[in-house]
Amino acid sequence: MSIDIIFRIAAVGLITAMVSTILKKSDKDEIATLVTLVGLVIVLLLVIDMLTQLFSALQTAFGAF
């Protein structure tokens, strides 16, 4: 694992926060909430991908099927 994934998650969080704040200031709260949810889904997909890689590495290390 590299530190790259932490930077990706932080970048998604920062971009999501900025866009959400701009949308809330312009009275578009529903779209801001949707943007926040999309950012959360993107981060969850990144984490799920990392967990998948971890479990496959553990399977190969222990020889399990």
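This briefing walks through the fold, the helix packing, the surface and the loop of the chain shown above. The model is a predicted one. The chain holds two helices and zero strands. Its radius of gyration is 17 Å, while a compact globule of 65 residues would come out near 11 Å.

**Overall shape and surface**

- Along its principal axes, the C-alpha trace covers about 55 × 20 × 5 Å.
- Of the 65 residues in the chain, 14% count as buried.
- The accessible surface of the chain adds up to about 5300 Å², and carbon and sulfur atoms account for 75% of that area.

**The two helices**

- Helix 1 takes in residues 4-25, and helix 2 takes in residues 29-62.
- Helix 2 has 34 residues, which should span 50 Å at 1.5 Å a residue. The C-alpha atoms at its ends lie 49 Å apart, in agreement with that expectation.
- After helix 2 comes Gly 63, with a positive phi near 70 degrees.

**Where the helices pack**

- The buried residues of helix 2 are Ala 32, Gly 39, Val 43 and Leu 46, and these buried residues pack against helix 1.
- Thr 16, in helix 1, has a relative accessible area of 15%. That value is under the 20% limit, so Thr 16 counts as buried.
- Leaving aside residues up to four places away in sequence, Thr 16 touches Val 35, Thr 36 and Gly 39. Gly 39 is itself one of the buried residues of helix 2.
- Ser 20 also sits in helix 1 and is buried, with a relative accessible area of 8%.
- With the same sequence neighbours set aside, the contacts of Ser 20 are Ala 32 and Thr 36. Thr 36 is also among the contacts of Thr 16.
- Lys 24 belongs to helix 1 and is partly exposed, at 48% relative accessible area.
- Beyond residues up to four places away in sequence, Lys 24 touches Asp 29 and Ala 32. Ala 32 is a contact of Ser 20 too.
- Thr 21 is another residue of helix 1, and with a relative accessible area of 43% it is partly exposed.
- The C-alpha atoms of Thr 21 and Thr 36 are 10.0 Å from each other, and the two residues are 15 apart along the chain.

**The salt bridge**

- How many salt bridges does the count come to? The count comes to one salt bridge.
- The side chains of Arg 8 and Asp 4 form it, with 3.2 Å from N to O. That distance is within the 4 Å cut-off, so the pair qualifies.
- Side chains of opposite charge can pair when their charged atoms come close.
- Arg 8 and Asp 4 are four residues apart in helix 1, so about one helical turn separates them.
- In an α-helix there are 3.6 residues a turn, so residues three or four places apart point the same way.
- Both partners are partly exposed: Arg 8 has a relative accessibility of 46%, and Asp 4 has a relative accessible area of 36%.

**A nonpolar patch**

- Leu 37, Leu 40, Val 41, Leu 44, Leu 45 and Ile 48 make a nonpolar surface patch of about 560 Å².
- Leu 44, one of the patch residues, lies in helix 2.
- Leu 44 has a relative accessible area of 45% and is partly exposed. Residues over 30% can join a patch, so Leu 44 meets that accessibility condition.

**The loop between the helices**

- Is Asp 27 buried or exposed? Asp 27 is exposed, because its relative accessible area is 68%, and the limit for that class is over 50%.
- Asp 27 is found in the loop that joins helix 1 and helix 2.
- The backbone is worth a look here: phi of Asp 27 is near 60 degrees, a positive value in a residue other than glycine.

Technical notes. Residues numbered from 1 in each chain as written. Predicted model: local features only at pLDDT ≥ 70, side-chain atom pairs only at ≥ 80, totals over all residues. Heavy atoms only, no water. Buried < 20%, exposed > 50% of the residue type's maximum accessible area, 1.4 Å probe, protein only. Contact = heavy atoms within 4.5 Å. Patch = residues over 30% accessible without salt bridge, like charges linked within 9 Å, V, L, I, M, F, W, Y side chains within 5 Å. Areas by Shrake-Rupley, 256 points an atom, 1.4 Å probe, with all protein chains shown as cover. Rg over C-alpha atoms; globule rule 2.2 N^0.38 Å. Expected span 1.5 Å × (residues − 1).
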